[in-house]
Amino acid sequence: MKKIILLLLSFTVVSCNRYLDVSPDSQLDINIDSEDKIAELLTAAYPKASYFPILETMSDNAEEVSGGVHTNLNEAMYYWRDFEQEDIDTPLNYWNDAYRGIAQANHALEYLKQYPQKTGRIKALYGEALLLRAYLHFMLVNIWAKPYSPNSDAPGIPYVTHPEKNAIPKYKRLTVGEVYDKIEEDMLLGIAALDEQYYKIPKYHFNKKAAYAFAARFYLYKGEWDKVIAYSDYILENDPLPKIRDWANKYQSYITTPYLIPRVYSSVDEPANLLITYTQSRWKRNLSDAKYAMSENLRSKLFSNFASKYSASFWYITKGNSLTGNRYVDKFTELQKFQDEGSNPRELYTPNVLFTTDEVLLNRAEAYAMKQKYDDAVNDIITFMKNKSQKTFIKDELLVAFQDGQENYTPFYPLTFYQGSLVNAIAELRRREFVHEGLRWFDIKRFYLTVNRNKAGDEYDINKILKKEDPRKLLQIPLQAQRLGLEANPR
């Protein structure tokens with residue numbers, strides 16, 4: 001009988017042993033009897049599924065491409081419809097994979113209890129397991145539940161802290177606030193215990209800077225600005241510029257060797273990259289031919305006509321498919337485990353960069369804006385722009401250039417006019433820097449932005465507008481999980 005998982009009922013250890021620095025032997029009855037094997041178990045707990053194809057297609061970073069190739073998944077995500085099929089790059093796949101990783105982290109924590117002598121390595125393994133558990137729950141709650149707000153009793157997701165011993169475990173959805181409390185507890189304990197000296201390649205694991213980047217994002221979504229700044233300062237130090245991805249110079253030098261761009265983008269040698277994982281995904285190839293993706297119109301809007309009042313374009317290097325009309329930033333490599341000529345091959349592996357210094361810098365700028373430290377916020381934005389654009393704004397230009405649209409931002413906390421203008425600028429920069437990577441969706445949710453799919457000249461359709469508090473912003477709890485007792489999201 002096929003096992004359909006709500007959460008992982010056993011700890012199947014999977015790994016892309018070609019790409020990570022350890023290669024766990026995958027057996028259901030594997031005997032975890034050493035620190036090295038626990039470390040392998042944790043290595044295999046990092047995400048093997050990508051949220052990029054789901055969230056990017058749902059965001060305003062996608063439009064209809066006239067010659068693009070239609071798939072049911074691509075269309076369902078674009079129009080915010082529930083999609084229950086099992087495949088890679090689907091909501092169900094990410095849900096299952098996240099809980100698989102949580103289960104493996106919990107098994108690792110259980111095995112670590114067998115070591116009464118808490119050596120430095122044991123403490124470090126505790127730290128990595130707790131951070132993994134916190135991060136995966138954080139992603140789940142931000143995809144399948146409402147954005148955080150104080151005193152909200154909105155349903156979150158199950159927070160699992162023990163290995164499964166029952167065939168069909170019973171879980172309930174905690175509130176979003178309760179989930180955030182548990183994430184914070186695990187995250188802070190994990191950071192305190194973490195020690196990256198035990199990693200062969202730290203950027204494939206929760207190293208110290210990646211953990212602090214996670215904390216900066218966590219507290220940004222929670223609205224605790226001082227903590228965002230404190231965690232960001234540790235990563236950025238005194239001079240952020242050398243740590244920011246340099247599209248204006250370094251990546252421009254690869255114009256004559258464009259095949260190097262995606263390799264460099266996800267490399268451990270790229271200073272901007274803090275945490276990298278390999279996922280089973282068709283995302284790289286789908287970007288070049290999907291029906292709902294980046295059109296030429298959208299490419300021009302994002303990268304050539306950045307601010308309507310000022311001439312400002314970006315140095316991001318875009319490619320195009322002359323057959324379909326798709327446009328994309330070539331960020332991703334693809335490795336194929338087995339030769340599969342089918343239309344939907346499964347054994348494809350694509351690196352996902354989960355945390356970067358670019359995000360940290362923009363997060364700090366947003367926190368400065370909310371603290372009304374406008375000069376500090378603008379300085380961070382200008383630093384960011386030096387490596388991205390031919391245009392360097394000054395403070396007054398920034399405030400004017402981005403005042404249009406600032407009224408659309410309505411998070412759970414109030415914004416002054418200046419704050420709204422700067423937050424708009426930062427969100428638009430984040431949108432462009434992380435195009436194809438799904439982060440735009442989280443800004444759409446936490447700022448309660450609208451997305452309109454209606455096209456000029458077509459008949460107006462209310463179903464093609466994603467409203468501020470639209471229930472479709474919450475992915476639907478998988479049917480398998482609902483059958484096991486989890487409350488569905490409203491529709």
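**Exercise 1. Determine how strand β6 pairs with β7, and place both strands in their sheet.**

Solution. Begin with the pair itself: strand β6 (residues 335–336) and β7 are joined in the antiparallel sense over 2 bridges, where strands are DSSP runs of E with at least two residues, helices are runs of H or I with at least four residues, and both are numbered from the N terminus. Two strands are taken to pair if DSSP finds at least two bridges between them. The model is predicted, so local features need pLDDT of at least 70 and side-chain atom pairs count only at pLDDT 80 or more, whereas totals for chains, interfaces and linings use all residues. Residues are numbered from 1 along each chain as its sequence is written, and side-chain values use heavy atoms, with hydrogens and water left out.

Next, read the register of the β6 side: L335 stands opposite Y349 in β7, and Q336 has L348 of β7 as its bridge partner. Then turn to the other neighbour, strand β2 (residues 273–280), which runs antiparallel to β7 and is joined to β7 by 7 bridges; here T279 stands opposite T350 of β7.

Putting these together gives an open sheet of 3 strands in the order β2-β7-β6, with antiparallel pairing. The edge strands are β2 and β6, each of which pairs on one side only. In general, strands of a sheet pair through backbone hydrogen bonds, either parallel or antiparallel.

**Exercise 2. State how covered strand β7 is, and which helix packs on the sheet.**

Solution. For strand β7 (residues 348–356), 9 of its 9 residues are buried, a class that means under 20% relative accessible area, with exposed meaning over 50% and partly exposed lying in between (1.4 Å probe, protein chains only). The helix that packs on the sheet is α13, which touches β2 and β7, and the direction of α13 makes about 35° with that of β7. Contact here means heavy atoms within 4.5 Å, and such angles run from 0 to 180 degrees between N-to-C directions, the axes being lines fitted to C-alpha atoms, for helices over the stretch in contact.

**Exercise 3. Describe the packing of α7 against α13.**

Solution. Two packed helices are described by the angle between their axes and the distance between the axes. For helix α7 (residues 208–222) and helix α13 (residues 357–370), the angle is about 35° and the axes are 10 Å apart. The crossing of α7 past α13 is left-handed, that is, the near helix is turned anticlockwise from the far one by less than a right angle, while clockwise would be right-handed.

The contact itself involves A213, A216, R217 and L220 from α7, together with E359, V360, N363, E366 and A367 from α13. By class, the residues of this contact divide into 5 nonpolar, 1 polar and 3 charged, where Ala, Val, Leu, Ile, Met, Phe, Trp, Tyr, Cys and Pro count as nonpolar, Asp, Glu, Lys and Arg as charged, and the others, Gly among them, as polar.

**Exercise 4. Compare the span of helix α4 with its expected span, and say how enclosed the helix is.**

Solution. Helix α4 (residues 91–112) has 22 residues and reaches 32 Å from its first C-alpha to its last, close to the 32 Å expected at 1.5 Å a residue; the expected span is 1.5 Å times one less than the number of residues. Because 20 of the 22 residues of α4 are buried, the helix is largely enclosed by the rest of the structure.

**Exercise 5. Locate D89 and H436, and give the phi value and burial of each residue.**

Solution. D89 is placed in the loop between α3 (72–78) and α4, where its phi is near 70°, a positive value in a residue other than glycine. D89 is also buried, at a relative accessible area of 4%. H436 lies in the loop between α16 and α17 (439–446) and has a positive phi of about 75° although it is not a glycine. With 3% relative accessibility, H436 counts as buried.

**Exercise 6. Is T410 buried or partly exposed, and what does T410 contact?**

Solution. T410 lies in the loop between α15 (395–401) and α16, and at 34% relative accessibility T410 counts as partly exposed. Leaving aside neighbours within four places in sequence, T410 is in contact with F447, Y448 and K468. From T410 to K468 the separation is 58 residues in sequence and 8.7 Å in space, C-alpha to C-alpha.
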